[in-house]
Amino acid sequence: MEQNNEYFVISEENGILVLTMQAPGNNLMTDEFFRQYEELMTEISKKKKLKGLIIKGSARHFSVGADVGSLAERSSTESETMNGDYDFSQGHVKQKKLVTFLHDLPYPVVSVISGFCIGSGSEIAVNSHIRICEPTARVGQPESTFGILPALGGIARSVEICGLSKAIQLVFTGELIPAQEAYEIGWADIMADKKQGLKKAIDLIEWISANVSEYKPSETECYISEFLKNEGDIDL
């Protein structure tokens, strides 16, 4: 299976799907990006017999996040149709479901990260079960510097994987942190050598498929620990 368009390449080999983002502007997440992303996620949701899903960027960067200008314009337009202070636009609800949906898939979802992984791009990563960082990775949630907050499940997932204090620091300072620091605070699960993240992700998924009878996202930390022991990389 292989599909190509301007924004994504998706391929399947030996039961592992690889979704490569190749949108213009270092995977700037525009309205068209999300439209095509929705189509792909709808298709992926129908596939049952998979070993895992890998998400990565095509070149230097995973994603520079949402188009802030477009986001602000859309938010202003959609706010006019809301019925109350606690109402949410249908566009936002749909986008959130498309991202948080990743965490509900019944097989490993692994984000392989190099370069920038920020904003909405970071929310895709934290809603994945596993994050593998290459040395060039810089991750963060800079939305607060634009007067907004992560709204695609990023706050809750950041708390879950980093703890409350680190998540608050990431979200409210908007700082971007390097790969090693992301690993040290628990945001990244595995560090890989330059251009070796994809191979590491494939090896991990194959190991889980061969050694785990029923995949459970809640047990991911144990799977990773055993995989690294087997690889001889436990001190990464």
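This note comments on the overall make-up of a predicted model, two helix–helix contacts and one buried arginine.

1. Overall make-up. The model is a prediction, and the protein it describes contains 10 helices together with 12 strands. Of its 236 residues, 47% count as buried. When contacts between residues at least 6 apart in sequence are considered, 68% of them join residues at least 24 apart.

2. Geometry of H5 and H6. Helix H5 spans residues 120–127 and helix H6 spans residues 154–162; their axes come within 9 Å and cross at roughly 50°. The two helices are therefore oblique to each other, since an angle of that kind lies outside the ranges counted as roughly parallel, antiparallel or perpendicular. The crossing of H5 past H6 is left-handed.

3. Residues between H5 and H6. On the H5 side the contact involves Glu123, Val126 and Asn127, and on the H6 side Gly154, Arg157, Ser158 and Ile161. By class, the residues of this contact are two nonpolar, three polar and two charged.

4. Environment of Arg131. Arg131 belongs to strand E9, which covers residues 130–133. Is this residue buried or exposed? Arg131 has a relative accessible area of 2% and is therefore buried, the cut-off for that class being under 20%. A polar atom of the Arg131 side chain lies 3.1 Å from the backbone oxygen of Ala125.

5. Contacts of Arg131. With neighbours within four places in sequence left aside, the residues in contact with Arg131 are Ser111, Ile113, Ala125, Val126, Ile161, Trp187, Ala188, Asp189 and Ile190. Two of the residues named here, Val126 and Ile161, also take part in the contact of H5 with H6, and Arg131 touches both of them.

6. Geometry of H9 and H10. Helix H9 (residues 197–211) packs against helix H10 (residues 220–231) at an angle of about 110°, and the axes are 10 Å apart. Which description fits the orientation of H9 and H10? They are roughly perpendicular to each other, because angles from 65 to 115 degrees are assigned to that class.

7. Residues between H9 and H10. H9 contributes Lys200, Asp203, Leu204, Trp207 and Ile208 to the contact, while H10 contributes Tyr223, Glu226, Phe227, Asn230 and Glu231. The class composition is five nonpolar, one polar and four charged residues. Among the charged participants are Lys200 and Asp203 of H9 and Glu226 and Glu231 of H10.

How values were computed
Residues are numbered from 1 along each chain as its sequence is written. This is a predicted model: local features need pLDDT of at least 70, side-chain atom pairs count only at pLDDT 80 or more; totals for chains, interfaces and linings use all residues. Side-chain values use heavy atoms; hydrogens and water are left out. Axes are lines fitted to C-alpha atoms, for helices over the stretch in contact, and angles run from 0 to 180 degrees between N-to-C directions. Helices (H or I, at least four residues) and strands (E, at least two) are DSSP runs, numbered from the N terminus. Angles under 35 degrees count as roughly parallel, over 145 as roughly antiparallel, 65 to 115 as roughly perpendicular and the rest as oblique. A crossing is left-handed if the near helix is turned anticlockwise from the far one by less than a right angle, and right-handed if clockwise. Contact means heavy atoms within 4.5 Å. Buried means under 20% relative accessible area, exposed over 50%, partly exposed in between (1.4 Å probe, protein chains only). A polar contact is a pair of N or O atoms within 3.5 Å; within protein, one must be able to donate a hydrogen and the other to accept it, and residues adjacent in sequence count only if both atoms are side-chain atoms.
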